[in-house]
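Grab the structure and work through a few short exercises on backbone angles and strand pairing. Each task comes with a solution you can follow step by step.

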Amino acid sequence: MERHPEPAALPKSLEESLRRLGGVQAPEELWHRVALSISKPAEAPDELWRRVEPEVRAVARPRPILRFRRVAAAAAAVAVFALGFLLAGRDRPSPTDPVFAYAERPELRDRFLEQGIAIQVGEEQLSPTARMLAGARGAATEGSL
Amino acid sequence: MRRVPVLIALFLAPWLGSCLGGSSSGAGAAAAPGAENALAGQGGPGLAAGAAAHHLPTFRAPEEFLLEAERLYRVRDAAGAYEVFREVLRADGQGQFALELTGHQPAGAAAIGPPSLDWQARYEFRQRFLVHFRDLHRGSEESLRRNYVWEELPGSVTMAGRSCSRHLVTNRYGYGSIELTIDDQLELLLGWVVRDETGQELSSLETTALNLAPNLTGVTWSAPAAPIQPYRGPIDDPVLGFTPLSLHYAPAGYFPTEERMVLTEQVFGTSIRNFHVEVLHDGLQTILIGQQGGNGTGPGGPIQKTIIKLSDLGGVRVVEGPIGARQVCVLGTAPMQELRATWNSTSQF
């Protein structure tokens, strides 16, 4: 019988708990686990290898890298990412905004410019309110205020 | 089921990138809209997909700080010459401020001299408008990115004894550019230069002295010369005295931000009629639309026969004309045809 190194002593409290169990039998699985932990690896007999070899070869057969499910998942991820980019790139104002939407349509601006008769005037021909507001906006106007 | 969060994350990634991103004058810059534009490109405004994230500088306006600042405001006049105003801004950091004119150099004068009484009175009346609408204020991150291309200029400069960074901000729609000088430590806007679409300097502000621990004893804080109230809509028409017209066009990048009623009749009687002011803002600059009521209402005659006055005052451009019984003016630094189209759009019913 082979000798195994002495296991480390159990903590006192654990030992007492185990003794209190009395004649309770440990499950078989526990013995198997303990046996496995103290066993040494050993080469399987040739007969065992002959029995399992066909199964092992079947499991180890190389599989195609591009499986359909992986390709579909990757394509979906790329599509979602691209869609997010496209929508994020459309950093535009709401088309329902009546003022801002028009600003991006030069043809509308040009249509407004066709109306009215515009003349260039000096400061003195502006109304007092316009001169006051221009001064308030920073122009060097000598309005009444 | 575990793949769903991954897909959601992939979908949101570009949005997060666009929120954090911006464009510089480099390869990430988006094309501006409109073939007529100096920055014409094949796209519309906004960020190009995949634009590199660019941190926009943060800055606050001087009136938000406790300070006393001496500044030089330089503005181009209608003849192309420049006038210089030396002003002192005092602010308590709690919302109160006062802007005083201490020197004036008229166009053609050799040096700054004491201001005339008329100019001192004008500054006293205009000070709140100057600080709110003439001086630059940082708008929303979205508008700054949408409307401007940002570039930090190399090196640092000193202004008012403070170490500052400089940023060149170019309007995406060809309306011009702005150079900002920002205090590195306080993120305080100490200076700016506004140039028009031809590159000509329209106006500039330079802080020459800064005191962050001023003695504000005895300062008379600015107050509105006439009652100013927000305009809430038709409910305020009886107070205003007329129904303001609505805009149907604005220069690219400008959004309406506020409407106010200036109730001058309560102070000056009918000699100065009440007027309505709508403010458009593009993230840095303002356009003002002023409407003043008169006797009678209604749209008046056909717009095709209306005389529209255009006046380039140098630092500011003005479009003015009658629409029915109202006098409507549009003021700003955007190109004249943009301001005129904005004015014309108010005549549409």
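**Exercise 1: a hairpin and its turn**

In chain B, β8(B) and β9(B) make a hairpin that has five residues between the two strands, and G199(B) in the turn shows a positive phi of about 90 degrees. Keep in mind that this is a predicted model.

Task: work out in which sense β8(B) and β9(B) pair, and over how many bridges.

Solution:
- Start with the pairing: β8(B) and β9(B) run antiparallel, with five bridges.
- Now pick out one pair: R195(B) has E201(B) as its bridge partner in β9(B).

**Exercise 2: the other partner of β9**

Task: find how many bridges join strand β1 of chain B to strand β9 of chain B.

Solution:
- Locate the strands: β1 covers residues 66-76 and β9 covers residues 201-211, both in chain B.
- Count the bridges: there are eight, and the two strands are antiparallel.
- Check a pair: L72(B) is matched with E206(B) in β9(B).

**Exercise 3: positive phi without glycine**

Task: for A160(B), say where it is found, then decide whether its relative accessible area makes it buried, exposed or partly exposed. Do likewise for E187(B).

Solution:
- A160(B) isn't a glycine, yet its phi is positive, about 55 degrees. Look for A160(B) in the chain B loop between β5 (157-159) and β6 (162-171).
- E187(B), also not a glycine, has a positive phi of about 55 degrees. Its loop in chain B lies between β7 (177-183) and β8 (189-195).
- Buried means under 20% and exposed means over 50%. A160(B) has 21%, so it is partly exposed.
- E187(B) comes out at 35%, so it is partly exposed too.

Conventions: Residues are numbered from 1 along each chain as its sequence is written. Chains are lettered from A and ligands numbered from 1 in the order in which they are written. This is a predicted model: local features need pLDDT of at least 70, side-chain atom pairs count only at pLDDT 80 or more; totals for chains, interfaces and linings use all residues. Side-chain values use heavy atoms; hydrogens and water are left out. Helices (H or I, at least four residues) and strands (E, at least two) are DSSP runs, numbered from the N terminus. Buried means under 20% relative accessible area, exposed over 50%, partly exposed in between (1.4 Å probe, protein chains only). Two strands pair if DSSP finds at least two bridges between them.
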